[in-house]
Every structure is written in structure tokens, then in C-alpha cells.
Protein chains: 4
Amino acid sequence: MTTTMPMLATYPQTINLDRAKLAATIDAINACAQACTACADACLSEEMVAELTKCVRTNLDCADVCAATARVLSRHTGYDANLSRALLEACATACRSCGDECAAHAGMHEHCRICADACRACEQACRDLLVTMS
Amino acid sequence: MTTTMPMLATYPQTINLDRAKLAATIDAINACAQACTACADACLSEEMVAELTKCVRTNLDCADVCAATARVLSRHTGYDANLSRALLEACATACRSCGDECAAHAGMHEHCRICADACRACEQACRDLLVTMS
Amino acid sequence: MTTTMPMLATYPQTINLDRAKLAATIDAINACAQACTACADACLSEEMVAELTKCVRTNLDCADVCAATARVLSRHTGYDANLSRALLEACATACRSCGDECAAHAGMHEHCRICADACRACEQACRDLLVTMS
Amino acid sequence: MTTTMPMLATYPQTINLDRAKLAATIDAINACAQACTACADACLSEEMVAELTKCVRTNLDCADVCAATARVLSRHTGYDANLSRALLEACATACRSCGDECAAHAGMHEHCRICADACRACEQACRDLLVTMS
């Protein structure tokens with residue numbers, strides 16, 4: 001459905017990572033970014049928004065870090081493993097924080113439940129990719 | 001597969017657009033952004049990169065405009081139709097330029113062919129959504 | 001203070017716009033993006049956040065559109081006047097909405113007052129640049 | 001000149017960092033992001049672009065990571081020191097890579113020289129802020 005794997009398959013040089021695994025990671029990151037952007041806005045529309053301000057903030061951070069991480073992982077020219085690793089660590093950290101925060105509201109807000117799942121999946125994908133890079 | 005429609009379905013207030021159509025548009029925009037980021041990098045790795053510099057630039061522009069547009073369309077709180085329309089126009093313009101540029105290299109570079117398709121689909125989705133908004 | 005004008009001065013090819021005017025516009029856009037990101041977060045920390053949710057949303061939109069616009073205006077290779085124009089229109093629209101919204105809270109929140117000023121300055125800079133492009 | 005410090009001064013709650021130092025760091029990060037976006041495009045316009053493809057890529061990465069870092073540092077609601085630290089590490093890593101790459105071309109391309117300086121200043125600012133956070 002996404003363009004990630006078809007595009008990765010056409011990259012004209014070597015990539016030192018499993019392309020299918022990399023594509024799945026990028027897709028998980030993009031899905032998480034989209035969920036976090038939507039969850040921040042859904043929280044803003046809840047009547048109890050005053051109790052969700054930390055959730056909004058964590059969502060915004062997670063969306064921004066995921067967006068940057070997906071872009072860096074989508075580039076292979078002049079590959080820099082140090083940056084990919086540092087950014088994957090930051091992305092996993094953002095997803096952990098946001099997943100925890102959303103999980104705390106998951107019983108009351110369905111958008112937080114779905115977003116928490118996206119954050120968990122993204123964190124796991126980032127950590128799995130980190131393992132293959134070391 | 002993506003989180004766009006499930007998240008849209010949980011937005012707790014009214015949305016003055018068809019949610020399925022909106023989700024499909026956001027997915028097309030995100031797919032285009034991902035393709036453009038990857039195509040810019042693939043072009044950089046081609047031996048004939050000197051003939052692809054306009055393609056790289058157009059890809060980068062299109063990725064940035066798509067990313068902003070997807071985010072704005074994912075917010076419904078305090079909806080501003082004027083901004084959505086102006087941004088959809090800009091996004092369709094970016095996709096037209098990038099689709100044309102990539103199409104010119106599609107016979108030689110598979111990444112440009114796939115990216116051109118993603119740009120065409122995204123341009124069409126933006127224009128379709130614009131029609132329903134007027 | 002910023003790197004915008006020094007970098008523009010070193011661009012190795014022709015630019016069909018006045019470089020000083022272009023640099024000032026990009027600086028105004030970046031300043032607006034920064035103000036909007038900060039204002040969204042400051043609004044989240046106000047006790048009356050429930051009355052500021054539209055302001056948060058407008059700030060987030062304006063920051064995203066400004067970020068994309070500043071990037072596109074910072075590229076000159078394979079220049080596409082149609083995209084620059086469409087994006088400057090969208091950016092001016094975002095700044096108008098956000099400036100109006102922040103101005104409505106400027107008497108009560110100093111962050112909204114400063115942000116409204118940044119939005120006004122950015123909107124004007126975008127419209128001025130649009131005039132020189134037509 | 002920038003809106004960073006005036007906006008920080010109006011944040012309505014406690015910030016556990018020196019506001020002037022934080023503002024200077026954010027300004028350095030934004031200046032670096034702007035320089036990197038411009039340097040990537042200037043490299044694309046050089047006749048010897050084929051020898052600058054790694055520089056383009058490193059510039060794009062650095063711009064993306066800086067943009068995300070500046071946004072996260074501009075938020076104080078529900079502050080998460082773990083994420084700030086991880087992202088500052090990633091940002092310093094991106095600036096080191098990009099600064100080294102641009103420095104290698106600084107004798108030949110003035111845009112690379114200015115960008116290398118912006119990367120060095122940003123890396124130092126990130127590392128200084130990290131010290132005050134531990």
C-alpha cells in the first residue's frame with residue numbers, strides 16, 4: 001500500500017541493511033507520526049483537554065522526531081551509521097514516552113488507545129533495527 | 001494498514017468532510033512525501049546525478065509541502081477552510097511539477113517512475129478533495 | 001545574526017529575486033514558525049487552555065506551513081515560480097488566521113501578543129515578495 | 001532579532017533550564033537548519049555536484065534533525081528530560097557529520113565554509129546544553 005518498499009527496491013546502490021526490514025521500520029515510523037499528529041488534535045477537542053496537555057505535547061514531540069527519523073532512514077547516499085543509531089535511540093525514546101502517556105488515557109479515549117499501539121509498534125521496530133545495526 | 005482512517009474515526013467532534021475520502025487523501029499525500037524523499041536520495045546516487053539536480057530539488061520541495069499538508073489536513077479543531085484550500089492548491093502544484101519532472105526520467109530510472117505515479121495520485125487526490133470543499 | 005543572507009550570497013548561480021529581500025522574507029518566516037511553535041506550547045500551559053484550543057491548532061498549522069515555505073524559498077536550483085507563489089499564498093493565509101487568533105488573546109497572554117506580531121510581519125513579508133514575483 | 005528569547009520569556013510556567021542559554025541553543029539550531037537547507041541546494045547547483053552528493057545528503061539529514069530538535073526544545077509543557085537528551089545527542093551527531101563533510105569542501109565552496117561554521121556552533125551549543133541537563 002505504501003511507497004516505501006517499492007522505492008527502496010529501486011535504490012541504485014548497495015544498502016547495508018535488509019531492505020524489507022528497513023521498509024517495515026519506516027512504515028511503522030510514518031504510521032506513528034500520523035497517529036500522533038491526529039491524537040494531539042483529538043485531545044485538543046476533548047472537553048477534558050486540561051487533563052490532556054501533556055499528552056498533546058508528547059504527541060507533538062513524537063510526530064516531529066518520527067518525521068525526521070523516517071527521512072534520515074530513507075536516505076542511503078553517504079550513509080552515516082552513527083546518526084541513524086542516535087536518531088533511532090531518540091525515536092524509540094519519544095515513542096516510549098508517548099506510548100506511556102497515551103496508554104494512560106486509552107481506557108477513556110479510543111484515539112489514545114490506537115496511538116499508544118502505534119507508538120509501541122514504532123518503538124519496537126526502532127529497537128529491532130538498532131539490533132541489526134550493531 | 002496505515003493509522004489514518006482508524007484515527008479519523010475516533011475524532012470526538014464533527015468533521016465537515018467525508019472521513020473516508022479525507023483519510024484516503026492524507027494517505028496519498030504521505031505516500032507521495034515518502035516517495036519524493038526516497039527519489040531525491042536515489043537520484044543523488046545515480047552516476048548521471050548532474051542531469052538530475054532539478055529532479056532532486058523538485059522532490060525535496062514536494063516532500064516538504066506534502067508533509068505540511070498532511071499535518072494540516074489531520075487537524076480538525078478550529079478548522080479553517082481557507083488554509084486547507086490554499087495548502088491543497090500548493091500541494092497539487094508541487095505534485096504536478098514533481099510528477100512532470102520525474103515522468104521525464106521514468107524510462108531510465110524506476111524510482112522516478114514510481115515517484116511520478118505517487119505524485120500523480122497525490123495531485124488527483126488533492127484536486128478531488130478541493131472539489132468537495134467548494 | 002541568522003545564516004540566511006550569508007548563505008544566499010554564496011549561491012553559485014543566478015537568482016531571479018532580490019537576495020536581500022528574499023533573505024528578509026525567509027527570516028520573517030522562520031521567526032514566525034519559531035513563535036508559533038512556542039505559542040502553541042505556552043497556550044497548553046495556561047490554566048484556561050480549554051479556551052485556547054483553536055489558538056493551539058492555528059499555531060501548529062502556521063508553524064508547519066512556515067517551515068515548508070522557508071525551505072522551498074531557500075532552494076533556487078530548478079526554480080519553479082508557480083510553486084513559490086502558491087506556497088507564499090498558503091503561508092500568508094496561515095499567518096493571517098494565526099495572527100487574528102493570537103491577536104484576540106493578546107491582551108491576556110503576552111506570548112499571543114508577540115506571536116501575533118510575528119504572524120503579521122510574516123504575512124506582510126510573504127505578500128511583499130509575491131508582488132515582486134508577478 | 002529572532003523571536004526565540006522573547007517567546008521563552010513569556011512561558012507561563014517554570015522551566016528547569018536557563019532561559020537565555022536555551023534560547024541561544026534554539027537559535028543556533030535554527031541557524032544551522034537554515035544553513036544546511038541552503039547548502040544542500042547550493043551544492044546541487046555546483047558543476048562538480050557529482051563530488052558533493054554526500055554533502056547534500058548530510059545537509060538534508062542535519063536540517064531535518066535540527067528542525068525536530070528546535071521544536072522539542074521549544075516545548076516545556078510536560079517536559080521529558082530523556083527525550084531532550086537523546087535528541088540533543090542525535091543533533092550533535094548530525095552537526096558533527098555535516099560539519100566535517102562541509103569543512104572538507106570549505107576551501108572550494110564558500111557555502112560549505114559558512115555551513116560548516118553553523119554546524120560547529122550548533123554542535124557546541126547542543127553539547128553545552130547537555131552538560132547543564134545532567
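Through which surface do the copies, chain C and chain A, meet? Keep that in mind while we walk through this predicted model, starting with one chain and working outward to its neighbours.

Take chain A by itself to begin with. Chain A has 5 helices and 0 strands, so along the sequence the pattern is simply α-α-α-α-α. The radius of gyration of chain A is 15 Å, close to the 14 Å that the globule rule gives for 134 residues, so chain A is as compact as a globular protein of that length. If you want a feel for its dimensions, the C-alpha atoms of chain A fill a box of roughly 50 × 30 × 20 Å along the principal axes.

Now bring in chain B. Two copies of a chain are related by a rotation about an axis and a shift along it. For chain B and chain A, the turn is 180° and the shift along the axis is 0.0 Å, and chain B then lies on chain A with an RMSD of 0.0 Å. That is the relation of a two-fold axis. The same surface serves both copies here, with 100% of the contact residues of chain B recurring in chain A.

What does the contact itself look like? It takes 34 residues from chain B and 34 residues from chain A. Together the two chains bury about 2,900 Å², and carbon and sulfur atoms give 60% of that area. Three residues are worth picking out on your screen: Met7(B), Gln34(B) and Arg71(B) supply 22% of the area that chain B buries against chain A, more than any other three residues.

There is some polar chemistry across this interface too. Side chains of opposite charge can pair when their charged atoms come close. Between chain B and chain A the count is 2 salt bridges. You can find Arg71(A) and Asp64(B) with their side chains meeting in a salt bridge, at 2.8 Å from N to O. On top of that, 18 residue pairs are in polar contact across the interface of chain B and chain A, counting pairs with both residues at pLDDT 80 or more. As for which parts of chain B do the touching, the elements that give two or more residues to the side facing chain A are α1 (4-9), α2 (19-44), α3 (53-73) and α5 (110-133) of chain B. Of these, α2(B) gives the most, with 11 residues. The residues on that side of chain B divide into 16 nonpolar, 12 polar and 6 charged.

Next, turn to chain C. A rotation of 180° with 0.0 Å of shift along its axis superposes chain C on chain A, with an RMSD of 0.0 Å. To locate that axis, look for Ala50(C), whose C-alpha comes closest to it of the residues of chain C, at 3.2 Å. And here is the reply to the opening question: 100% of the interface residues of chain C are also interface residues in chain A, so the copies meet through the same surface.

At this interface, 9 residues of chain C are in contact with 9 residues of chain A. The two chains bury about 710 Å² between them, with 77% of it on carbon and sulfur atoms. Leu44(C), Thr53(C) and Leu60(C) supply 53% of the area that chain C buries against chain A, more than any other three residues. Looking for charge pairs across chain C and chain A turns up 0 salt bridges, and there are 0 residue pairs in polar contact with both at pLDDT 80 or more. The elements that each supply at least two residues to the side of chain C touching chain A are α2 (19-44) and α3 (53-73) of chain C. The biggest giver is α3(C), with 5 residues. That side of chain C divides into 5 nonpolar, 1 polar and 3 charged residues.

Finally, step back to the whole structure, where a search finds 40 salt bridges over all chains. One of them joins the side chains of Arg75(A) and Asp61(D), at 2.7 Å from N to O. This pair crosses between chains: Arg75(A) sits in the loop between α3 (53-73) and α4 (81-104) of chain A, while Asp61(D) belongs to helix α3 (residues 53-73) of chain D.

Conventions. Residues numbered from 1 in each chain as written. Chains lettered and ligands numbered in written order. Predicted model: local features only at pLDDT ≥ 70, side-chain atom pairs only at ≥ 80, totals over all residues. Heavy atoms only, no water. Contact = heavy atoms within 4.5 Å. Buried area = accessible area lost by both parts, 1.4 Å probe. Salt bridge = Lys/Arg side-chain N within 4 Å of Asp/Glu carboxyl O. Polar contact = N/O pair within 3.5 Å; in protein donor to acceptor, adjacent residues only side chain to side chain. Helix = DSSP H or I, 4+ residues; strand = E, 2+ residues; numbered from the N terminus. Nonpolar A, V, L, I, M, F, W, Y, C, P; charged D, E, K, R; others polar. Least-squares fit on C-alpha atoms with pLDDT ≥ 70 in both. Rg over C-alpha atoms; globule rule 2.2 N^0.38 Å.
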